[in-house]
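Let's walk through a structure together, one feature at a time. Have the viewer open and follow along.

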Amino acid sequence: MGILLAPIAGLSCATSPSDEKAAAPGWIYVSNQLDNTVSVIDGASNAIVATVRVGVSPAKMAVSPDRKSVYIANTGSNTVSVLNTQNETIARTIVLPAGSRPVDVTVNPNGRYVYTADGGSDRVSVLDVRANRVVASVRVGTQPLSVAAAPDGKTVYAANSGSGDVSVIDARTNRVVRTIATGRFPSGVAVTPDGASVYVTNELSGVTVINAGNGTVAARLPQPSPFSVAISPNGDRAYVTSLGPGRVTAIDTRTHRVSCTVSVGSSGTDPFTVRATDDAVYVANQGANTLSIIDHGTFKATATIATGNSPYGIAVVQRGPTGG
């Protein structure tokens with residue numbers, strides 16, 4: 001049985017010391033759902049340096065392990081656009097079955113396979129990036145909205161909004177090996193770097209923390225209208241966006257308790273997607289047509305950048321460490 005935990009007020013938002021090298025701001029990619037484009041932003045200057053036309057209704061995105069490609073799930077055209085980060089052009093387009101309506105995309109750590117959450121067909125598509133095609137289709141729960149691969153590449157998780165559960169897929173056989181009930185309308189899923197915990201945002205019933213080893217619910221955390229979740233690179237925090245209040249919450253992954261929150265706008269801002277890298281936390285605010293950049297240490301917004309119409313997905317390609 002999961003433990004219901006309440007927030008604790010007054011905890012410090014500063015991050016603990018880390019041996020990780022500081023990362024320089026990289027290139028930020030934001031999909032604009034109603035413009036059918038991706039904005040390319042220079043993280044050093046916060047300026048849009050390119051606008052790339054992609055498929056219809058682009059949603060979430062993922063970066064290849066070698067940082068050379070960004071994969072974009074195009075909900076309206078049943079495709080995945082592959083953006084070349086060396087020249088900011090679309091290198092190729094992978095076609096999914098009609099009616100797939102992919103919403104989210106993740107990459108296996110080996111870089112060979114890409115997985116899409118196909119909300120229109122209740123499936124996860126497996127794409128071979130070398131063959132440039134779909135090689136498997138996995139039946140999951142109803143209306144999957146988010147998908148995440150475990151760090152070891154052996155497991156893929158799909159959050160199914162319509163059936164209120166998470167499908168656990170064995171990436172070696174492309175079969176569902178477990179289904180875990182999470183809450184009402186799960187919309188986001190993320191795995192900690194050690195692969196031990198899975199965080200799920202349920203739009204109408206808070207955040208569920210799953211023990212990846214045995215598939216049980218380790219904790220349930222009340223949050224208003226949680227939509228998206230991302231884990232910090234060192235695994236100490238889970239970042240959750242809340243649509244109604246227009247805020248981002250940091251959860252301590254060791255205690256499963258809220259450490260602090262930050263507002264990215266008033267009601268209607270609708271922070272849809274959150275991404276966390278070594279240098280910052282990034283939030284796409286669909287209702288405000290902006291991207292918020294949040295400092296890890298102070299947990300305050302340091303910049304707000306105007307994007308295209310209805311920003312949805314975020315991908316960040318970092319330049320690499322700057323420290324010694």
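Here is a short dialogue on strands and charged pairs, based on a predicted model.

Q: I'd like to start with the sheet. In what order do the four strands of the open sheet sit, and how do they pair?

A: Read a sheet by going from strand to strand across it. Here the order is E5-E6-E7-E8, and the pairing is antiparallel.

Q: Which strands stand at the edges?

A: Look for strands with a single partner. In this sheet those are E5 (58-63) and E8 (89-95), so each has one side left without a neighbour in the sheet.

Q: By how much are neighbouring strands turned against each other?

A: On average the angle between neighbours in this sheet is 25°, ignoring direction.

Q: Let's zoom in on one pair. How many bridges join E6 to E7?

A: Six bridges link E6 (residues 69-74) with E7 (residues 79-84), and the two run antiparallel. To get your bearings, find Ser 69, which faces Asn 84 in E7.

Q: Now the charged side chains. Why would two of them pair up?

A: The general idea is that side chains of opposite charge can pair when their charged atoms come close. As for this model, it contains three salt bridges.

Q: What is the partner of Asp 128, and how far apart are the closest N and O atoms?

A: Asp 128 pairs with Arg 112, with the closest N and O atoms 2.8 Å apart. Now check where the two partners sit. Asp 128 belongs to strand E11 (residues 123-128), while Arg 112 is in the loop between strand E9 (102-107) and strand E10 (113-118), so this salt bridge ties together parts 16 residues apart in sequence.

Q: Are Asp 128 and Arg 112 buried or exposed?

A: Take each partner separately. Asp 128 has a relative accessibility of 6%, so it counts as buried. Arg 112 comes out at 25% relative accessible area, which makes it partly exposed.

Q: What about Asp 170 and Arg 172: how far apart are N and O there?

A: Their side chains meet in a salt bridge at 3.3 Å, N to O. Asp 170 is buried at 16% relative accessibility, whereas Arg 172 is exposed at 62%.

Q: And which residue does Asp 252 form a salt bridge with?

A: That one is Arg 254, and the closest N and O atoms are 3.2 Å apart. Run the accessibility check again: Asp 252 is buried, with a relative accessible area of 17%, and Arg 254 is exposed, with 62%.

Technical notes: Residues numbered from 1 in each chain as written. Predicted model: local features only at pLDDT ≥ 70, side-chain atom pairs only at ≥ 80, totals over all residues. Heavy atoms only, no water. Pairing = 2+ DSSP bridges. Axes fitted to C-alpha atoms, helices over the stretch in contact; angles between N-to-C directions. Salt bridge = Lys/Arg side-chain N within 4 Å of Asp/Glu carboxyl O. Buried < 20%, exposed > 50% of the residue type's maximum accessible area, 1.4 Å probe, protein only.
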